[in-house]
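Open the model in your viewer and keep the selection panel handy. We will go from stop to stop, picking something to select each time and looking at what is there.

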Amino acid sequence: MKRILSTFALALLAPVAMAQAVHCPDKNVNYWQAFPPGGESDLSARHQQLVLKKKCPNIETIVQYKAGAGGALMWTQINQLPGDGTNVVGVNLPHIVFQPIQGDVQYKTADITPVFWFHFTPDILVVNAKSPIKDFKDFVAAAKKDPGKFSLAGSGQYSANHAAHERLDAAFGIKTLYVPFKGTGDMATSVLGGQVDGAMTYVPFAIANKDKGVRPIAVAMEKRHPLMPDVPTFKELGVDWVDGAYRGVGVPKSTSAADRKKLSDLWRALNNDAEMKELAAKNGFELVNFGVEEMDKFMAEKSKLYTEGAARMGLGKK
């Protein structure tokens, strides 16, 4: 009986032990954002800030912004930050592969040191809710009627949105105008105000604005999104397209291997938190877990995939 009770007691204590296993930072965390407030990167950082405070009450996560050049301003300066384990920088794929290939930035992909990729946001095509375009068939017809006139906003130049725009045009034999913004937050006003015809953006934007003046048209997912059951996938429209943007955290190269591992483990713990999973599902983020242990393989695969994609887009050919 004693052995049974001991086993039962250990089972009850297991969740507590797991919670205590989180290695909290010794100092406050500076979380640098490469895009302005209001977009998906900022929203995910705020989710992580909330959950980290719950797990490590004595630690503050200080979210800071250095936006510009589609994220390149921050990524160019990442290695100038102290590598003391307290500085983390939001990083994005395919941006950090596409931008150096194009050659308009002052950093290389190899200059970026990601330690954890925490989520994936699928591509989605949206238009203003007041638009006469009701579905994808209407969209294609409008784009073909006036080639190069139909404007689609996106977050960043040579970004996942830009790549998705080029893919959209090529896949359906149309020509639309890509209008880059500093970030999704900056883009929102123009889309909601009708200054652009629509946007090639991410699922969280569509979810956040579905009752504010945005009409989703098609999404790059395996299956329809449960919060947008009436929106077809690109697969249903005849194109094998399941793609979007990955978001993660990187550190200065001078950060020690031990600190990289601590930060990777911390972000994995945040991702596995029940509250984080609920926030992600509600806002359209698909959680993934690629830490330092999986990083070399993950980056090699993604770099190859996006380099091939960049060649199809003609990036780097000036």
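## Starting in a loop

Select Gly-238 to begin: this residue sits in the loop between strand 8 and strand 9. Bear in mind as you look around that this is a predicted model. Is Gly-238 buried or exposed? With a relative accessible area of 64%, Gly-238 is exposed, because anything over 50% counts as exposed. Now add Gly-83 to the selection and draw a distance between the two C-alpha atoms: they are separated by 47 Å, and the two residues lie 155 residues apart along the chain.

## Further along that loop

Next, select Asp-243, found in the loop between strand 8 (214-219) and strand 9 (244-251). Which side chain does the side chain of Asp-243 make a polar contact with? Show side chains and you will find Arg-167 as the partner, at 3.5 Å. Arg-167 also belongs to a wider set of residues that Asp-243 touches, leaving aside those up to four places away in sequence. To see the rest of that set, select Phe-120, Thr-121, Pro-122, Asp-123, Ala-220 and Tyr-306.

## Two crossing helices

Now colour helix 2 (residues 40-55) and helix 9 (residues 257-271). Their axes come within 10 Å and cross at roughly 100 degrees, which means that helix 2 is roughly perpendicular to helix 9. Turn on the side chains where they meet: helix 2 brings Gln-48, Val-51, Leu-52 and Lys-55, while helix 9 brings Leu-266, Trp-267, Ala-269 and Leu-270. Sorted by class, this contact has six nonpolar residues, one polar and one charged.

## Helix 7 and what follows

Move on to helix 7 (residues 184-193) and show its buried residues: Thr-184, Met-187, Ala-188, Ser-190 and Val-191. Then step just past the helix to Gly-194, where the backbone takes a positive phi of about 80 degrees.

## Zooming out

Finally, switch to a cartoon of the whole chain. How many helices and strands does the chain have? There are 11 helices and 10 strands. The radius of gyration is 21 Å, close to the 20 Å that the globule rule gives for 318 residues, so the chain is as compact as a globular protein of that length. Along its principal axes, the C-alpha trace spans about 75 × 50 × 35 Å. If you colour by accessibility, 52% of the 318 residues count as buried. As for contacts with a separation of 6 or more, residues 24 or more positions apart account for 76% of them.

Conventions:
Residues are numbered from 1 along each chain as its sequence is written. This is a predicted model: local features need pLDDT of at least 70, side-chain atom pairs count only at pLDDT 80 or more; totals for chains, interfaces and linings use all residues. Side-chain values use heavy atoms; hydrogens and water are left out. Helices (H or I, at least four residues) and strands (E, at least two) are DSSP runs, numbered from the N terminus. A polar contact is a pair of N or O atoms within 3.5 Å; within protein, one must be able to donate a hydrogen and the other to accept it, and residues adjacent in sequence count only if both atoms are side-chain atoms. Contact means heavy atoms within 4.5 Å. Axes are lines fitted to C-alpha atoms, for helices over the stretch in contact, and angles run from 0 to 180 degrees between N-to-C directions. Angles under 35 degrees count as roughly parallel, over 145 as roughly antiparallel, 65 to 115 as roughly perpendicular and the rest as oblique. Ala, Val, Leu, Ile, Met, Phe, Trp, Tyr, Cys and Pro count as nonpolar, Asp, Glu, Lys and Arg as charged, and the others, Gly among them, as polar. The radius of gyration is taken over C-alpha atoms; the globule rule is 2.2 Å times the number of residues to the power 0.38. Buried means under 20% relative accessible area, exposed over 50%, partly exposed in between (1.4 Å probe, protein chains only).
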